[in-house]
Amino acid sequence: TDVVALVPAAGSGVRLGENMPKAFVELAGRTLLEWALDGLSASGALSRVVVVVPDILQDTTSRLVESCVLPVDVVVGGAERTDSVRAGLAVAGTADIVLVHDAARCLTPPSLITRVVEAVGAGASAVVPVLPVVDTMKSVDAHGVVTGTVDRATLRSVQTPQGFDGVTLRRAYDAFPETATDDAGLVERLGVDVHTVVGDAEAFKITTPMDLVLARALVARRTQ
Ligand code: CTP
Ligand code: MG
């Protein structure tokens, strides 16, 4: 089985506020992208990787990925995450299984990556890692006034890697030109069931400066 991971790393990282594309911010001396590639390699579940980056960083990335044990293609992304994934998918060819994994979830444990690949291998067309929602959830109106309390038991936070059988993901991207906040969202619109596996707290997305504080603490603990 040809198992390909697409790694969207072409975002600008506005919320992190480090004045550089987020995937190239360093954590303990290595870029978030390199940390993400380490996790994917360590899973032992992949055949190859397609990294999607900003055009000005394509050459830099090609040098960065030279040390990766997996074959890596580096392609240029687009304005929205969906555009970047679409660009990656275009070079993923006829892969049997496609994972889409945010570079920003760079400390994702290899065991989660394996869990997702195994679920797709066992026959699910689409798989997302999820965690329960911990806060009470409320809906609000345009003025910020609460309109109701949402039943938290039916909600899940969704992480990556999201895994798909290649045919299904390609069909979803071919069918819908619009953007979506995650890849499974497009597959849902096909009417295909999206399955869940248990996520992992360490697969959190580095989005804000506080997330970087947490990431530094986790890396310090791992290298103790
Ligand atoms: N991403 C991408 N192409 C885009 C936008 C996002 O490849 N046009 C990638 C990011 O690099 C990141 C992942 O998608 O690995 C998740 O996106 P997000 O956390 O929103 O990252 P950024 O868009 O970089 O951050 P921000 O929204 O704060 O600018
Ligand atoms: Mg973004």
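Tutor: Let us begin with burial. A residue counts as buried if 20 or more other C-beta atoms lie within 10 Å of its own, as exposed if there are 12 or fewer, and as partly exposed in between. The structure above is a predicted model, and every reading below is a reading of that model.

Student: How many C-beta neighbours does Asn19 have inside 10 Å, and is this residue buried or exposed?

Tutor: The cut-off for an exposed residue is 12 or fewer. Asn19 has 9 C-beta neighbours inside 10 Å and therefore counts as exposed. Its place is the loop between strand 1 (3-8) and strand 2 (26-27).

Student: What is the sign of phi at Asn19?

Tutor: Asn19 is not a glycine, yet its phi is positive, at about 55 degrees. Ala28 also has a positive phi, near 50 degrees, and is likewise a residue other than glycine. Ala28 belongs to the loop between strand 2 and strand 3 (30-31). Because Ala28 has 12 C-beta neighbours inside 10 Å, this residue counts as exposed.

Student: Where does Ala5 lie, and is Ala5 buried or exposed?

Tutor: For a buried residue the count must be 20 or more. Ala5 is found in strand 1, and with 33 other C-beta atoms within 10 Å this residue is buried.

Student: Which residues is Ala5 in contact with, leaving aside its neighbours within four places in sequence?

Tutor: Contact is judged by whether two C-beta atoms, placed from the backbone, lie within 7 Å. On this basis the partners of Ala5, apart from its neighbours within four places in sequence, are Leu40, Leu46, Val49, Leu99, His101 and Pro161. For one of them, Leu46, there is also a C-alpha separation: 7.1 Å from Ala5, across 41 residues of chain.

Student: Pro161 appears in that list. What is the form of the peptide bond from Thr160 to Pro161?

Tutor: The bond from Thr160 to Pro161 is cis, and its omega is near 10 degrees. Pro161 itself sits in the loop between strand 10 (156-158) and strand 11 (162-165).

Student: Where do Ala95 and Ser47 lie, and how is each of them classed?

Tutor: The same counting rule serves for residues in loops. Ala95 belongs to the loop between helix 3 (81-91) and strand 6 (97-100), and 24 other C-beta atoms within 10 Å make Ala95 buried. Ser47 is placed in the loop between helix 1 and strand 4 (48-53); having 14 C-beta neighbours inside 10 Å, Ser47 counts as partly exposed.

Student: Which residues do Ala95 and Ser47 touch?

Tutor: Neighbours within four places in sequence are set aside in both cases. Ala95 is then in contact with Asp2, Val3, Val4 and Gly166, while Ser47 touches Asp2, Val3 and Val4.

Student: How should one read a separation along the chain beside a separation in space?

Tutor: One sets the two values side by side for each pair. Pro132 and Leu155 are 23 residues apart along the chain, and their C-alpha atoms are separated by 6.8 Å. Pro132 is in strand 7 (residues 126-132) and, with 11 C-beta neighbours inside 10 Å, counts as exposed. For Ser47 and Pro129, 82 residues apart along the chain, the C-alpha separation is 21 Å. Ala95 and Gly185, with their positions 90 residues apart along the chain, have C-alpha atoms separated by 20 Å.

Student: At what angle do helix 1 and helix 4 pack?

Tutor: Angles under 35 degrees count as roughly parallel, over 145 as roughly antiparallel, 65 to 115 as roughly perpendicular and the rest as oblique. Helix 1 (residues 32-43) and helix 4 (residues 110-121) pack at about 55 degrees, and their axes are 8 Å apart. The two helices are therefore oblique to each other, and helix 1 passes helix 4 in a right-handed crossing.

Student: Which residues meet where helix 1 packs with helix 4?

Tutor: From helix 1 come Gly39, Leu40, Ala42 and Ser43, which meet Pro110, Ile113 and Thr114 of helix 4. By class, this contact has four nonpolar, three polar and no charged residues.

Student: How far does helix 7 reach, and how many of its residues are buried?

Tutor: Helix 7 (residues 209-222) has 14 residues and reaches 20 Å from its first C-alpha to its last, close to the expected 20 Å. Helix 7 is hardly covered, with one buried residue among its 14.

Notes: Residues are numbered from 1 along each chain as its sequence is written. Chains are lettered from A and ligands numbered from 1 in the order in which they are written. This is a predicted model: local features need pLDDT of at least 70, side-chain atom pairs count only at pLDDT 80 or more; totals for chains, interfaces and linings use all residues. Axes are lines fitted to C-alpha atoms, for helices over the stretch in contact, and angles run from 0 to 180 degrees between N-to-C directions. Helices (H or I, at least four residues) and strands (E, at least two) are DSSP runs, numbered from the N terminus. A crossing is left-handed if the near helix is turned anticlockwise from the far one by less than a right angle, and right-handed if clockwise. Ala, Val, Leu, Ile, Met, Phe, Trp, Tyr, Cys and Pro count as nonpolar, Asp, Glu, Lys and Arg as charged, and the others, Gly among them, as polar. The expected span of a helix is 1.5 Å times one less than its number of residues.
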